[in-house]
Amino acid sequence: MSNIKSNFLAIKKEIYNYNKHSNLIVVTKGQDINKIKSILELGHRDFGENRVQEAHKKWKELAGLQGSINLHLIGRLQSNKAKDAFELFNFIHTLDSEKLAKIFSDLELN
């Protein structure tokens with residue numbers, strides 16, 4: 001795990017050297033829970049996923065460790081998973097249809 005931590009810290013340092021106001025989002029698609037825990041232990045709180053079901057399972061298991069986690073949905077979203085995404089993610093980075101916009105608008109109003 002120390003390799004994961006050292007890689008993360010090196011990448012974070014390099015990015016912040018370019019712009020101190022950057023926000024690094026660690027994408028955890030297909031990653032093992034223990035790898036994610038090692039990044040959480042370093043105090044990182046922004047994570048990205050592109051699959052709602054995978055994210056739900058993964059972050060439900062990590063619920064006790066989350067604290068103030070910001071989950072970012074990246075990638076395409078199917079309208080049948082919009083409600084689950086709305087409830088799980090803090091940020092949704094892609095919105096590619098009017099239908100999804102309407103669903104999110106209705107969810108926000110409720």
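# Arg76, Lys58 and helix H6 in a predicted model

User: Is Arg76 buried or exposed?
Analyst: In this predicted model, Arg76 is found in the loop between strand S3 (70-73) and helix H5. Its relative accessible area is 68%. Exposed means over 50%, so Arg76 is exposed.

User: Which residues is Arg76 in contact with, leaving aside its neighbours within four places in sequence?
Analyst: Arg76 has a relative accessible area of 68%, and there are still contacts to list for this residue. With neighbours within four places in sequence set aside, the partners of Arg76 are Asn50, Thr94 and Asp96.

User: How far apart are the C-alpha atoms of Arg76 and His93?
Analyst: Arg76 and His93 are 17 residues apart along the chain. In space, their C-alpha atoms are separated by 9.1 Å.

User: What pattern does the protein chain follow along the sequence?
Analyst: The protein chain contains six helices and four strands. Read along the sequence, these elements give the pattern α-β-α-β-α-α-β-α-β-α.

User: What percentage of the residues of the protein chain count as buried?
Analyst: The C-alpha trace spans about 45 × 30 × 20 Å along its principal axes. The accessible surface comes to about 7300 Å², with 49% of that belonging to carbon and sulfur atoms. Among the 110 residues of the protein chain, the buried part is 28%.

User: How far apart are the mean positions of the positive and negative charges of the protein chain?
Analyst: The protein chain has 17 positive and 13 negative charges. The distance between the mean positions of the two sets is 5 Å.

User: Is Lys58 buried or exposed?
Analyst: Lys58 has its place in helix H3 (residues 52-61). Its relative accessible area is 5%. Buried means under 20%, so Lys58 is buried.

User: Where does Thr28 lie, and which residues does Thr28 touch, not counting residues up to four places away in sequence?
Analyst: Thr28 lies in the loop between strand S1 (26-27) and helix H2. At 2% relative accessibility, Thr28 counts as buried. Lys58 has Thr28 among its own contacts, which also include Lys29, Gly30 and Gln31. Not counting residues up to four places away in sequence, Thr28 touches Ile36, Phe47, Gly48, Glu49, Glu54, Lys58 and Trp59.

User: What is the C-alpha separation of Gly43 and Ile69?
Analyst: Gly43 has its place in the loop between helix H2 (33-41) and strand S2 (46-49). With a relative accessibility of 44%, Gly43 counts as partly exposed. Gly43 and Ile69 are 26 residues apart along the chain, and their C-alpha atoms are separated by 9.8 Å.

User: How far apart are the end C-alpha atoms of helix H6?
Analyst: Helix H6 (residues 98-109) has twelve residues. At 1.5 Å a residue these should span 16 Å. The model agrees with that expectation, as the end C-alpha atoms are apart by 17 Å.

User: Why do the buried residues of H6 line one face of the helix, and which residues are they?
Analyst: Seen down the axis of H6, the buried residues fall within an arc of 60°, so they line one face of the helix. On the other side of H6 there are exposed residues, namely Glu98, Lys99, Lys102 and Leu109. The buried residues of H6 are Leu100, Phe104 and Leu107.

User: Which elements are included in what covers the buried residues of H6?
Analyst: Phe104 is one of the buried residues of H6, with a relative accessible area of 13%. Phe104 touches Leu77, Ala82, Phe86, Ile92 and Leu95, not counting residues up to four places away in sequence. Phe86 has its place in helix H5. The cover over the buried residues of H6 includes helix H5 (82-88) and strand S4 (91-92).

User: Which residues is Phe86 in contact with, leaving aside its neighbours within four places in sequence?
Analyst: Phe86 has a relative accessible area of 27% and is partly exposed. Phe86 and Leu24, 62 residues apart in sequence, are 22 Å apart C-alpha to C-alpha. Leaving aside neighbours within four places in sequence, the contacts of Phe86 are Ile92, Phe104, Leu107 and Glu108.

User: How far apart in space are Phe104 and Leu9, C-alpha to C-alpha?
Analyst: Phe104 lies in helix H6. Phe104 and Leu9 are 95 residues apart in sequence. C-alpha to C-alpha, their distance in space is 35 Å.

Methods. Residues are numbered from 1 along each chain as its sequence is written. This is a predicted model: local features need pLDDT of at least 70, side-chain atom pairs count only at pLDDT 80 or more; totals for chains, interfaces and linings use all residues. Side-chain values use heavy atoms; hydrogens and water are left out. Helices (H or I, at least four residues) and strands (E, at least two) are DSSP runs, numbered from the N terminus. Buried means under 20% relative accessible area, exposed over 50%, partly exposed in between (1.4 Å probe, protein chains only). Accessible areas come from the Shrake-Rupley method with a 1.4 Å probe; for residues, only the protein chains shown count as cover. Lys and Arg count as positive and Asp and Glu as negative; His and the chain ends are not counted. The place of a charge is taken as NZ of Lys, CZ of Arg, CG of Asp or CD of Glu. The expected span of a helix is 1.5 Å times one less than its number of residues. The arc is that of the directions from the helix axis to the C-beta atoms. Contact means heavy atoms within 4.5 Å.
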